[in-house]
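Colleague: I would like a close look at a single part of this model. Take the metal site, and then set it in the rest of the fold.

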Amino acid sequence: MEELDRYSRQTIFPGIGPEGQRKLAAGFAVVVGCGALGTIISNALVRAGVGRVRVIDRDFIEYHNLQRQVLFTECDIEENLPKATAAERHLQEANSAVQVEGVVADFSRTNAEKLVEGADVIVDGLDNFETRFLINDVALKHGIPWVYGGAIGSSGMTAAFLPGGRPCFRCIVSSPPAGGTLTCDTAGVVNAVPWIIGSLEAAEALKILIGDEHRAPVSRDLVVIDVWTRSFESLPLAPFANDDCPACGGTYEFLQGRPRTRVTSLCGQNAVQIWNAAAVGMPLAQIGERLAALGPVEGSEQMVRFSVGEQELVIFYDGRTIVRGTRDEKLARALYAKYVGM
Ligand SMILES: [Zn+2]
């Protein structure tokens, strides 16, 4: 009775109904990344009664996350909780009737297939392109629907990709942008953007789980929004289909191909080196300018140095970045993703 009452406001909505609710209860959603997007997505899915929700994230919570990452509190930071652990706790408090699993891990080619095994939908709460290509590969390979979402500054985008449907994400964006990408840490983000995009992603995920084209038709559009210029666009996905797309052709380069990044601890030094194929020959002046807004930057044509807390990033023209002040490869990779972008 309590369970019927809990979901009454969505079961009386014809698009869901009692039958849709049963599908949600039987569904398994994997949310990759638990920042601004991931907290909104997982919050919506758990409260809607999705039977099993797995949330994967590699980071700890920092004060500058609280501006937009709605599941986290100051107490979580005092307890030094990883995002996935704090998310699991708060989500389970909101709905004890569903199974919530926080996984503290870097979603990578080595664990991706295992982490999405049995999933009915994968939802993107990430902050970097490279891992999105990995989701695209693993989703296509295993025939799992997935929902993409990205947010930065005042703008965001989202689209849903169904197995066998074209285009895929890689048809639209052929490779990670050369020269690093803007991230929320370098370009900032207005909190409303990930909240809108995350909510749209969650709605598509619910429709995918309900799996009824009449009752809950999944969007075939790429939605692009900007909350500062107040523009909302819906572009049909179909024209983006690319006949040369390796992923659609069954070649999963991000899952099985040669790694595009290499992370190595530097022997005898308190430093980690990251090599990124997409960063070879990147315009250092541009990166220097971006980082200068956040702190002191020193640089030349060959190299840019930027300090972040106790670590220092030394970014080279040839695709290498050395993160000084740590031997922790995960931390180095996280800092790289935040400040250089991958
Ligand atoms: Zn494709």
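The site comes first, then a helix, a sheet and the overall form.

Modeller: This is a predicted model. Start at the zinc ion. Its protein donors are the SG atoms of C168, C171, C245 and C248. These lie 2.2 to 2.3 Å from the zinc ion. What is the arrangement of the four donor atoms? It is tetrahedral, because the angles they subtend around the zinc ion run from 101 to 120°. For four donors, the tetrahedral label requires all angles to lie between 85 and 135 degrees.

Now read the site along the sequence. The donor residues follow the spacing C-x2-C-x73-C-x2-C. Two of the donors show how the site links distant parts of the chain: C171 and C248 are 77 residues apart. C171 sits in helix 9, residues 169–172. C248 lies in the loop between strand 8 (231–236) and helix 12 (253–256).

Are C171 and C248 buried or exposed? C171 has 8% relative accessibility, so it counts as buried. The cut-off for buried is under 20%. C248 has a relative accessible area of 30%, and is therefore partly exposed.

Next, helix 3, which spans residues 17–26. Its buried residues are G17, G20, Q21 and L24. They cover an arc of only 105° around the axis, so they sit on the same side of helix 3. The general rule is that an α-helix has 3.6 residues a turn, so residues three or four places apart point the same way. The face turned away from the buried side of helix 3 carries the exposed residues P18, R22 and A26.

What covers the buried residues of helix 3? The cover includes helix 2 (8–11) and helix 11. Helix 11 covers residues 192–210, and L209 is found in it. L209 counts as buried because its relative accessibility is 10%. Setting aside neighbours within four places in sequence, L209 is in contact with K23, L24, G27, F28, V50, D120 and V121. One of these, L24, is among the buried residues of helix 3.

L209 also gives a sense of distance across the fold. From L209 to D318 is 45 Å, C-alpha to C-alpha. In sequence L209 and D318 are 109 residues apart.

That leads to strand 14, residues 318–324. Which strands does strand 14 pair with? Strand 10 (residues 271–280) pairs with strand 14 in the antiparallel sense, over six bridges. Within that pairing, V272 has V323 as its bridge partner in strand 14. Strand 13 (residues 311–316) also runs antiparallel to strand 14, joined by four bridges. Here the bridge partner of V314 in strand 14 is I322. Strand 13 and strand 14 form a hairpin, with one residue between them.

Finally, the whole protein. It has 14 helices and 14 strands. Its C-alpha atoms fill a box of roughly 65 × 50 × 40 Å along the principal axes. The radius of gyration is 20 Å, which agrees with the value near 20 Å for a compact globule of 342 residues. Buried residues make up 53% of the 342. Take the contacts between residues at least 6 apart in sequence: 66% of them join residues at least 24 apart.

Terms used
Residues are numbered from 1 along each chain as its sequence is written. This is a predicted model: local features need pLDDT of at least 70, side-chain atom pairs count only at pLDDT 80 or more; totals for chains, interfaces and linings use all residues. Side-chain values use heavy atoms; hydrogens and water are left out. Donors are N, O and S atoms within 2.8 Å of the metal (3.2 Å for Na, K and Ca); water is not among the atoms, so sites may look incomplete. Four donors count as tetrahedral if all angles lie between 85 and 135 degrees; four count as square planar and six as octahedral if opposite donors are over 155 degrees apart and all others between 65 and 115; anything else is irregular. Buried means under 20% relative accessible area, exposed over 50%, partly exposed in between (1.4 Å probe, protein chains only). Contact means heavy atoms within 4.5 Å. The arc is that of the directions from the helix axis to the C-beta atoms. Two strands pair if DSSP finds at least two bridges between them. The radius of gyration is taken over C-alpha atoms; the globule rule is 2.2 Å times the number of residues to the power 0.38.
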